[in-house]
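Biologist: I am new to reading structures, so please take me through one part of this one closely. Start with a pair of packed helices, and then carry on from there.

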Amino acid sequence: MTDSIPVRVRAEIAALPAYRQGKQAAGDAFKLSSNENPFDPLPHVVEALRRADALNRYPDATAGRLRERLAERFGVTADDVHVGAGSVSVIAQLLLAVAGPGDRVVYAWRSFEAYPSLVVVAGAEPVEVPLTADGRHDLPAMAAAIDDRTRAVIVCSPNNPTGTVVTQEEFDAFLAAVPRDVLVILDEAYAEFVTAPDAVDGLRELGIRSPNVVALRTFSKAYGLAGLRIGYGVGHHRVLDAARATAIPLSVTAQAEEAALASLDAEDELLARVRVIAERRDRIAAGLRESGWVVPEAQGNFVWLGLGAETAALAPAFDEAGLIVRVFAGDGVRISVGEEESVDKVLQIAASVVADLPEGHSARR
Ligand code: PMP
């Protein structure tokens, strides 16, 4: 068969690059390309999955038990919580709800690689605002990029892939500059790994926060349920009603909901693992800096090496050493914090890579 598209596809969709997942690791390689949690699921959580064994039945379309549980925790109503098949599907639903042809969505770049295509799929136009030289959101520039066609702004903290956070103060100042009818999506997929005390927390002070903000969290990262696909948004119930209206019905499975509830029961144990990962991250970042790297503030479960134009030449060294990392052509390499056994190898290969960086390169001290 020829490779041309046999039916008429929307031109902007045909032009989209296919979603590229982190490579699977072969043999004894470490998979450090998808910001996954390296720990095995807790037995208690696996047990919960077995309980949800009515595979011939549809799930509760509203994920009602989980929404109640989260609402109680955050002091909001269950209608102020919306559960999706991963937080990425909540982002997609929100964008479909607020932005269409002729509208614009502002976000920082580089950030989560799904944003551009989610905006285009909604029919809207992406407006990408460059990160600062140290990999942070330039919120004043993002606020300035908002015009009367802007329907949503996405703020990612910690930012994937650079790891930097937006501070609460910066976020509050930003909100004051954003028109009240523009949706602000605060993507906090990595929030649980944050140790910086001044970082924004979208779930703090929910009652007094602007009604145009939706904070997104996920069970994929800190809670280690990436394979089950479950995440959520917290915000004004009327905004979330609009997201619910665009959702593909019944995509959150009973197994995912059950495992998420069990994870909340086992939260102390899971958050102890999160602390181990955050400590490992700090050790990796410190080791990288010691060997001569300039590493942006790493607050997620990953570190960023801003190789820029040297990416194509130098990134393969990781792959060849059995470290599957995420390579962003022309920009750099993101390395997830994985198993303890991977740490020395990451530091060793990274030290040899930095030695090959030209003098004066921005990623080299
Ligand atoms: N937001 C960010 C910033 C992410 O990095 C990811 C996962 N790569 C997601 C959202 C989506 O996570 P999930 O759909 O698994 O909840």
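Modeller: Helix H10 passes helix H13 in a right-handed crossing; that is, the near helix is turned clockwise from the far one by less than a right angle, while anticlockwise would make it left-handed. Please keep in mind that this is a predicted model, where local features need pLDDT of at least 70, side-chain atom pairs count only at pLDDT 80 or more, and totals for chains, interfaces and linings use all residues. Residues are numbered from 1 along each chain as its sequence is written, and side-chain values use heavy atoms, leaving out hydrogens and water.

H10 covers residues 267-290 and H13 covers residues 340-355. The names come from DSSP runs, numbered from the N terminus: helices are H or I with at least four residues, strands are E with at least two. The two helices pack at an angle of about 15 degrees, and their axes are 10 Å apart. Axes are lines fitted to C-alpha atoms, for helices over the stretch in contact, with angles from 0 to 180 degrees between N-to-C directions. H10 is therefore roughly parallel to H13, a label for angles under 35 degrees (over 145 is roughly antiparallel, 65 to 115 roughly perpendicular, the rest oblique).

Who touches whom? From H10 come Arg-280, Arg-283, Ile-284, Gly-287 and Leu-288, and from H13 come Glu-340, Val-343, Val-346, Leu-347 and Ala-350; contact means heavy atoms within 4.5 Å. Six of the residues in the contact of H10 with H13 are nonpolar, one is polar and three are charged. Here Ala, Val, Leu, Ile, Met, Phe, Trp, Tyr, Cys and Pro count as nonpolar, Asp, Glu, Lys and Arg as charged, and the others, Gly among them, as polar.

Now move to H9 (residues 254-265), which packs with H3 (residues 64-74) at about 30 degrees, with axes 9 Å apart. H3 is therefore roughly parallel to H9, and their crossing is left-handed. The residues of this contact of H3 with H9 divide into five nonpolar, one polar and six charged. H9 also packs with H2, at about 145 degrees and with axes 8 Å apart, in a right-handed crossing. Among the residues making that contact are His-44 and Val-45 of H2 and Gln-255 and Glu-258 of H9.

From H2, step back along the chain to Asn-35, in the loop between strand E1 (30-32) and helix H2 (43-51). Its phi is near 55 degrees, a positive value in a residue other than glycine. Most residues other than glycine have a negative phi, and most peptide bonds are trans.

Another loop, between strand E5 (150-156) and helix H7 (168-177), holds Pro-158 and Pro-161. The peptide bond from Ser-157 to Pro-158 is cis, with omega near -5 degrees, and the bond from Asn-160 to Pro-161 is also cis, with omega near 15 degrees.

Asn-160 leads us to the ligand: an N or O atom in its side chain is 2.8 Å from a ligand oxygen. A polar contact is a pair of N or O atoms within 3.5 Å. In the side chain of Asp-187, an N or O atom is 2.6 Å from a ligand nitrogen, and a polar side-chain atom of Tyr-190 lies 2.6 Å from a ligand oxygen.

Conventions: A polar contact is a pair of N or O atoms within 3.5 Å; within protein, one must be able to donate a hydrogen and the other to accept it, and residues adjacent in sequence count only if both atoms are side-chain atoms.
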